[in-house]
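This report is written for a first-year student who wishes to learn how a protein model may be read. Please look at the sequence and the structure before reading on.

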Amino acid sequence: SHAFKRLSLSRRTCIIGSEYAPLRPTFSLNHKKFCVQKKLINIIIIFGGSDVNNLTMPLLKILIKTYPDFKFTVVSIQNKFNWYFSRNKRIKFVKNPSEKKFVSLLLRNDLAIASGGHLLFELACIGMPTIHVKSTKDQIVSVPWKDTGFTRYAGSAKQRDLHENIIKEIKYYNNFTKRSMSSKFGSQLVDGKGANRLAHKI
């Protein structure tokens with residue numbers, strides 16, 4: 001697999017692949033539950049609990065100006081954005097939601113902009129169209145997701161043209177058919193049964 005090639009693995013037997021991805025139960029139970037709406041209006045931004053690269057604020061300022069008709073939800077474990085969010089009715093801040101509330105939030109949005117961690121498997125499972133960013137070095141294994149048809153890769157957190165790339169990918173997804181295909185490919189790739197397969201293999 002792509003991940004195997006990008007990791008230095010010396011053991012003879014490795015269990016790797018999206019079909020073995022263990023997910024949080026709420027995501028497995030919501031396999032294929034995402035419903036693609038005709039219009040792209042609501043975007044959810046998830047750059048990890050602490051947003052170590054401080055990507056959220058600069059990106060939001062650009063997106064608010066670029067897309068005056070869109071609404072944005074930001075999920076974080078920190079309060080540092082509250083002062084800004086409270087001033088704009090098009091931005092909703094959700095701090096450290098429960099697993100159930102988090103899935104509910106995702107299903108109420110049209111597109112996710114997220115870091116390239118394990119969350120990608122969970123977004124794929126529910127079928128949520130996604131733009132992803134490589135936030136840390138170990139997320140190099142997330143880059144090949146762009147070849148699956150599920151997600152669009154905007155680049156790494158340190159890229160100068162990251163914002164431009166994200167805007168380009170939002171324009172790509174501003175198309176019902178393309179969002180529908182993304183949703184279909186994602187839920188086909190990850191069916192939520194990875195933990196069971198993994199247990200049987202072990």
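The report below begins with the whole chain and then turns to selected helices, loops and side chains.

## The chain as a whole

The structure is a predicted model. The mean pLDDT of the protein chain is 86, and 81% of its residues reach 70 or more. Confidence varies along the chain: helix α1 (residues 2-6) has the lowest value, a mean of 49, whereas helix α7 (residues 162-173) has the highest, at 98.

The protein chain contains 9 helices and 6 strands. It has 202 residues, of which 46% count as buried. The accessible surface of the chain comes to about 11000 Å², and carbon and sulfur atoms account for 52% of that area. Among contacts with a separation of 6 or more, 63% are made by residues 24 or more positions apart.

## Helix α6

How many of the residues of helix α6 are buried? In this helix, which spans residues 119-126, 8 of the 8 residues are buried. They are L119, L120, F121, E122, L123, A124, C125 and I126. The cover over these residues includes the helices α2 (25-29), α5 (99-107) and α8 (176-189). It also includes the strands β1 (42-46), β4 (111-115) and β5 (130-134). After α6 comes G127, whose phi is positive, near 90 degrees.

## Aromatic pairs

A pair of aromatic rings is described by the distance of the centres and the angle of the planes. In this structure the count comes to 5 aromatic pairs. One of them joins F27 and F102: the ring centres are 6.1 Å apart and the planes stand at 70 degrees, so the pair is edge-to-face. Because F27 lies in helix α2 and F102 in helix α5, this pair ties together parts that are 75 residues apart in sequence. F27 is buried, at 0% relative accessibility, and F102 is also buried, with a relative accessible area of 7%.

F121 and W145 form an aromatic pair that is likewise edge-to-face, with 4.9 Å from centre to centre and 75 degrees between the planes. F121 belongs to helix α6 and W145 to the loop between β5 and β6 (151-156), so the pair ties together parts that are 24 residues apart in sequence. Both F121 and W145 are buried. Together with F150, these two residues form one aromatic cluster.

## A polar contact of helix α2

Helix α2 also holds T26. At 17% relative accessibility, T26 counts as buried, because the cut-off for that class is under 20%. Which side chain makes a polar contact with the side chain of T26? The partner is E99, at 2.5 Å. Leaving aside residues up to four places away in sequence, T26 touches E99, K100 and V103.

## Loops and positive phi values

Most residues other than glycine have a negative phi, and most peptide bonds are trans. K32 is a residue other than glycine with a positive phi, near 65 degrees. It is found in the loop between α2 and β1. N54 is not a glycine either, and its phi is positive, at about 50 degrees. The place of N54 is in the loop between β1 and α3 (56-66).

V52 lies in the loop between β1 and α3 as well. Although V52 and A157 are 105 residues apart in sequence, their C-alpha atoms are 9.8 Å apart in space.

The table gives the relative accessible area of these loop residues.

| Residue | Relative accessible area | Class |
|---|---|---|
| K32 | 54% | exposed |
| N54 | 47% | partly exposed |
| V52 | 59% | exposed |

## Cysteines

A disulfide is a covalent bond between the sulfur atoms of two cysteines. How many disulfides does a search of the whole structure find? The search finds 0. Two cysteines may be set side by side: C35 is partly exposed, with a relative accessible area of 49%, whereas C125 is buried, at 0%. C125 is among the buried residues of helix α6 described above.

Methods:
Residues numbered from 1 in each chain as written. Predicted model: local features only at pLDDT ≥ 70, side-chain atom pairs only at ≥ 80, totals over all residues. Heavy atoms only, no water. Buried < 20%, exposed > 50% of the residue type's maximum accessible area, 1.4 Å probe, protein only. Helix = DSSP H or I, 4+ residues; strand = E, 2+ residues; numbered from the N terminus. Contact = heavy atoms within 4.5 Å. pLDDT = per-residue confidence, 0-100. Areas by Shrake-Rupley, 256 points an atom, 1.4 Å probe, with all protein chains shown as cover. Disulfide = S-S within 2.5 Å. Polar contact = N/O pair within 3.5 Å; in protein donor to acceptor, adjacent residues only side chain to side chain. Phe/Tyr/Trp six-rings, centres within 6.5 Å; stacked < 30°, edge-to-face > 60°.
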